[in-house]
Amino acid sequence: MATTAVDRVFAPTRGVLQEAGEMMILTGRTIVSAVKPPYPYGAEFVGQFMFALRLCWFPLLVSTVAFGYEAPGLQAANFLVLFGALDRLGGFFVLASIREFAPFVDAIVLAGVAGTAITADLGARRIREELDALEVLGVDPIKNLVVPRFLALMLVTGLFDIYALLFGVFGGVLATLVNHQPLGPFWATFFNNASTTDLWGSVVKTTLFGAIIAVVCCYKGMTAKGGAEGVGRAVNEAVVIAFLAIFAFNYVFTQVLLATHPALTDIVK
Amino acid sequence: MSFEDSEGTPIAGDLADGSPAAAAGPELTTRPAPPPGASEEEYANHSYKVYPSGRRNVVEFDNTYKSFGRNQILRGLTMGIPEGMVSMILGPSGTGKSVCIKHMVGLLYPDSGDVRVQGESVPDMPDEQLFEMRKKFGLLFQDGALFSSMNLYDNVAFPLRQHTEKSEQEIEEIVMRRLTEVGLGYSRDKLPNELSGGMRKRAGFARALVLEPDILLFDEPDSGLDPVRTALLGELILEIHREMMEDAKAQKKPYLPTFAVVTHDIMSARRVADYINVLWRGRIVEAGPAQDMLNSDNPFIRQFLAGESQGPLTMD
């Protein structure tokens, strides 16, 4: 009986590890396939890029303004007002928005809007055996479907980070104005603390978020099974895994960035 | 069995290519052991007889094992698909018929054993060679597997655009000829979701044909079709096979066109098959030209081909 008890404990773990491993393999194969000629995925790349752009620009605008205004904006402002230090809100926005919230909201919206669309699309194609048909017709689905989605999501998520930053900071501006304060001190503390390292760190981080979302969502779509219900399950799992992976990766990336660039941790008055 | 190539009486051992079908003959000298974990009793009705077809095998399974989790699907499958014939892979549901097809085109790999296509081992092929090899195949999926974002015309033209340098005009000629052949010439601009199941199958058939493959595989072409449509599709299969045989002979192709149909529909098997492989519990019970199989005295084969409830095959 000992073996069955061990099995019962480790069998689910093995499934998780296997999936994680398969996603790693998919990442590797996608990168190799993207670099190795031929490059037949241009049109699909443009299509996917425009698709994500069209799908995400509005939800992202609403989320970043609302979130930036409310969470780091109003909440922090309420707190800073106690010390009569509302001018420091600008400096806080560098920490909060550029480093954390804007990339986060960006990734969550992209995963929830574009990522799920990818999983549902590929999942439906898997169920209808379209992916098998492609392979039998001599078309490599990784090169023709995964690579363009991978590149498009990386680019889109990276670019949308800047968009999310702008609107996130705009939320802070709103919060300052709502507290009847001038914007001068906000911008002064903002630019005192902002650095180009923060900016490129944020963009690189979100580009990699895009890569994570693309791999997870493509993997879940391409391995969907069990009919229409299976596609639903795949979409659900894709979002959950993508979020967890983003949160974990964010922690590692941001801490590594701060550790390797200690100047970032100095708060400038 | 309406054309001469399949009617010629097979001469045992006239091909010394070492393929199981040609070499084994009807009488088996050594009986293979049952697969691991199974009793001899479960395989009592497997006589493993292979009546000679007189042709070389273009596809061969050699002691192939495949399982999904705890589900053992192929359990030491040894099977041949003879060249230039319409072969049927018959068997009860869930015996791994579709899995067989996926092994032939390299969508699945065996856990052990070998699958050879035109003498070359599929599991050993590097990716590039595998993609090349797949061009020899046409595959009709259960529901057609048409690309839902493309209309019928583009679906059928897809393989030509992907693999040939033909001009759009030449492509149109070929595509329209194939679409007309399967009776869909008038709905070229329709999207797959605007078609009935039978039409999707026929469109999938047209797409599988455009590259004039050496081997055409049909995954349950009769599932979800009424008996009349099934009969018509069977006729269409025979007609196109006959036509391709004539073309192949005229062009002196190295391989004659081979069709393999996976089904559990005995009626279409009787009408269409030149050669029958009966699969049960992941192994071949018996295989041979249709006449020999229909006259077989194996109780399982008799039960299955007659579609009776009495016999070795039960609900479990």
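In what order do the four strands of the open antiparallel sheet in chain B come? Hi everyone, let's start right there. The order is E3-E2-E5-E6, and the pairing is antiparallel. At the edges sit strand E3, residues 71-82, and strand E6, residues 120-121, each of which pairs on one side only. If you look at the E6 edge, strand E5, residues 112-117, runs antiparallel to E6 and is joined to it by two bridges. There you can find B:Val117 standing opposite B:Glu120.

Before I go on, please keep in mind that this is a predicted model.

Now let's step back and look at chain B as a whole. Chain B contains eleven helices and eleven strands. Its radius of gyration is 19 Å, and the globule rule gives 20 Å for 316 residues, so chain B is as compact as a globular protein of that length. Along the principal axes, its C-alpha trace spans about 60 × 40 × 40 Å. Of the 316 residues, 54% count as buried. Take the contacts between residues at least 6 apart in sequence: 68% of them join residues at least 24 apart. On the outside, chain B exposes about 13,900 Å², with carbon and sulfur atoms supplying 49% of that area. And for the charges, there are 33 positive and 47 negative ones, whose mean positions are 3 Å apart.

Next, the other sheet I want to show you. Seven strands of chain B form an open sheet with mixed pairing, in the order E1-E11-E10-E4-E9-E8-E7. Its edge strands are E1, residues 49-50, and E7, residues 137-140, and each pairs on one side only.

Let's zoom in on E10 of chain B, residues 275-280. Why can we call this strand largely enclosed by the rest of the structure? Because six of its six residues are buried. Here is a handy bit of background: in a regular strand, side chains alternate between the two faces of the sheet. In E10, B:Tyr275, B:Asn277 and B:Leu279 point one way, while B:Ile276, B:Val278 and B:Trp280 point the other way.

What about the neighbours of E10? With strand E4, residues 86-90, E10 pairs in the parallel sense over four bridges, and B:Ser87 stands opposite B:Tyr275. With strand E11, residues 283-289, E10 pairs in the antiparallel sense over six bridges. Here B:Tyr275 stands opposite B:Pro289. E10 and E11 form a hairpin with two residues between the strands, and in that hairpin B:Arg281 takes a positive phi near 50°.

Finally, let's hop over to chain A. Is A:Glu129 buried or exposed? It counts as buried, because its relative accessibility is 15% and the cut-off for buried is under 20%. A:Glu129 is found in the loop between helix H3, residues 89-127, and helix H4, residues 130-136, of chain A. Leaving aside residues up to four places away in sequence, A:Glu129 touches B:Lys102, B:Phe141, B:Gln142, B:Asp143, B:Ala145 and B:Asp219.

That's my tour, so thanks for listening!

Notes:
Residues numbered from 1 in each chain as written. Chains lettered and ligands numbered in written order. Predicted model: local features only at pLDDT ≥ 70, side-chain atom pairs only at ≥ 80, totals over all residues. Heavy atoms only, no water. Buried < 20%, exposed > 50% of the residue type's maximum accessible area, 1.4 Å probe, protein only. Pairing = 2+ DSSP bridges. Rg over C-alpha atoms; globule rule 2.2 N^0.38 Å. Contact = heavy atoms within 4.5 Å. Areas by Shrake-Rupley, 256 points an atom, 1.4 Å probe, with all protein chains shown as cover. Lys, Arg positive; Asp, Glu negative; His and termini not counted. Charge placed at Lys NZ, Arg CZ, Asp CG, Glu CD.
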